[in-house]
Amino acid sequence: MACTSCSTSDGGAPKGCKNNGTCGTDSCNKLTVFDWLSNMSLPNGETPFDCVEIRFKNGRKEFYRNTEKLTLSIGDIVATEASPGHDIGIVTLTGELVKIQMKKKGVNHTSPDVPKVYRKASQRDIDIWSAARDKEEPMKVRARELAISQKLEMKISDIEFQGDGSKATFYYTANDRVDFRLLIKDFAKEFSTRVEMKQVGLRQEAARLGGIGSCGRELCCSTWLTDFRSVNTSAARYQQLSLNPQKLAGQCGKLKCCLNYELDTYMDALKGFPDFDTKLVTEKGDAICQKQDIFKGLMWFAYTNDFANWHVLKIEQVREIVAENKLKNKVASLEDFAIVIVQEPEQHFNNAMGQESLTRFDQPKKKKKSNKKRKGGENLIVANNNSNTNNKPNNNAKPNVAEDKKPVIARKPIIITKNENKE
């Protein structure tokens, strides 16, 4: 679903709103909140909540107080308080849900420091805002060239203009502290505007820029994830994932946030498991754990003198052996407790349309054999049978081999009579 400004222009080419997912109709926005109270009216005597949530470029949201008692709805373009001048944003949430969002973000709605909403944006405000947004992309390319010329170890990831075009905020990422005082002077001289530098983390950069993850969906940080929790490699160990940094790292270069999604489920399942370092003492030798199946409750053990053969045990049987070992008793062997896993036969599914082979068209076509000889032989047999119908049977004649193999049906002759009495 797209907004009206994403329709095609003359010639069939897509026009686009050039907002990169932050257009004003709440259809292709990022980090939107569904207003499930929109169809409910306030009780008698209740005044609507005087704060609104306003979104700016790339999902940046701020809370503003509606001191002018303006009738605002989702999607309205408003002019807000800024330092200096004013900024242009889009209303994304109104009503009581704003109070919940402010509580979630830790913003006090009674504080006098909450900025104000000036007015609804006029057409002149929108034109200035659009002209400033069009300058951002070529300015970013030139800003990177200036940063490289000064040999600064930093990356300028994004530029955001203020709504009135009086200030430009440069977002950058860097591993160490960067002295960019000379760079700010070059920016101010090159772009003739007020410059503000703001450092963001690698995850915040990925959230601003967006992208497609390895799962094939949009990045969680740019669509719905608002808080970034720390991710450790222990989360991958508990889920028995291979510690491959190329597979565990996201586009930001850090560990993927989705490693924490199912971690609680794995932790609950591991509560009933014996320790992975559990050693079983038997008469055939000591055995150590090699593998676990968390959700099936199975553990694979192998003798220290024979690592090639693994034995599958249930966690109840492992506890039983551990209880015997605590009493200083040795069990006979693991084979007495091991279970046999029966492999299910593989099911082969055939396509009814005969398209199961991808190389079926690569094979050369077989030439059809000509049936002239076979047809000629049958005609000869029929002719011989017709010619010998009036003769007496010859007892000394050799039997026809073709007649013994395949019965031959003699065709009746077609007699055409000429009717002389025409009407």
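With a relative accessibility of 40%, Glu190 counts as partly exposed. That makes a handy way into this structure, which is a predicted model. The side chain of Glu190 meets that of Arg142 in a salt bridge, with N and O 3.4 Å apart. The two residues come from distant parts of the chain: Glu190 sits in helix 4 (residues 181-191), Arg142 sits in helix 3, and 48 residues separate them. Arg142 is partly exposed too, its relative accessible area being 32%. The cut-offs explain both labels, because "partly exposed" covers whatever falls between under 20% (buried) and over 50% (exposed).

This pair has plenty of company, as the count of salt bridges comes to 22. Take Lys120 and Asp76, which form another one, their closest N and O atoms lying 4.0 Å apart. Lys120 belongs to strand 5 (residues 117-120), while Asp76 is found in the loop between strand 2 (61-65) and strand 3 (77-81), so this salt bridge ties together parts that are 44 residues apart in sequence. As for accessibility, Lys120 comes out at 43% and is therefore partly exposed. Asp76 has 19%, so it counts as buried, and that call rests on the cut-off, because buried means under 20%.

Next comes Arg119, which pairs up with Asp125 in a salt bridge whose closest N and O atoms are 3.0 Å apart. Here again one partner is partly exposed and the other buried: Arg119 has a relative accessible area of 35%, whereas Asp125 has a relative accessibility of 7%.

Some salt bridges join up into something bigger than a pair. Lys57, Arg60, Glu62, Asp87, Arg133, Glu136, Asp158, Glu160 and Arg208 are linked in a network of salt bridges. Two names from that network, Arg133 and Glu136, turn up again where two helices meet.

Those helices are helix 2 (residues 123-134) and helix 3 (residues 136-149), whose axes come within 5 Å and cross at roughly 35°. On the helix 2 side, the contact is made by Ala132, Arg133 and Asp134, and on the helix 3 side by Glu136, Glu137 and Pro138. Sorted by type, the contact residues give 2 nonpolar, no polar and 4 charged. Ala and Pro count as nonpolar, and Asp, Glu and Arg as charged, so Ala132 and Pro138 of the contact fall in the nonpolar group. Helix 3 also carries Arg142, which brings the story back to its salt bridge partner Glu190 in helix 4.

Methods
Residues numbered from 1 in each chain as written. Predicted model: local features only at pLDDT ≥ 70, side-chain atom pairs only at ≥ 80, totals over all residues. Heavy atoms only, no water. Axes fitted to C-alpha atoms, helices over the stretch in contact; angles between N-to-C directions. Helix = DSSP H or I, 4+ residues; strand = E, 2+ residues; numbered from the N terminus. Contact = heavy atoms within 4.5 Å. Buried < 20%, exposed > 50% of the residue type's maximum accessible area, 1.4 Å probe, protein only.
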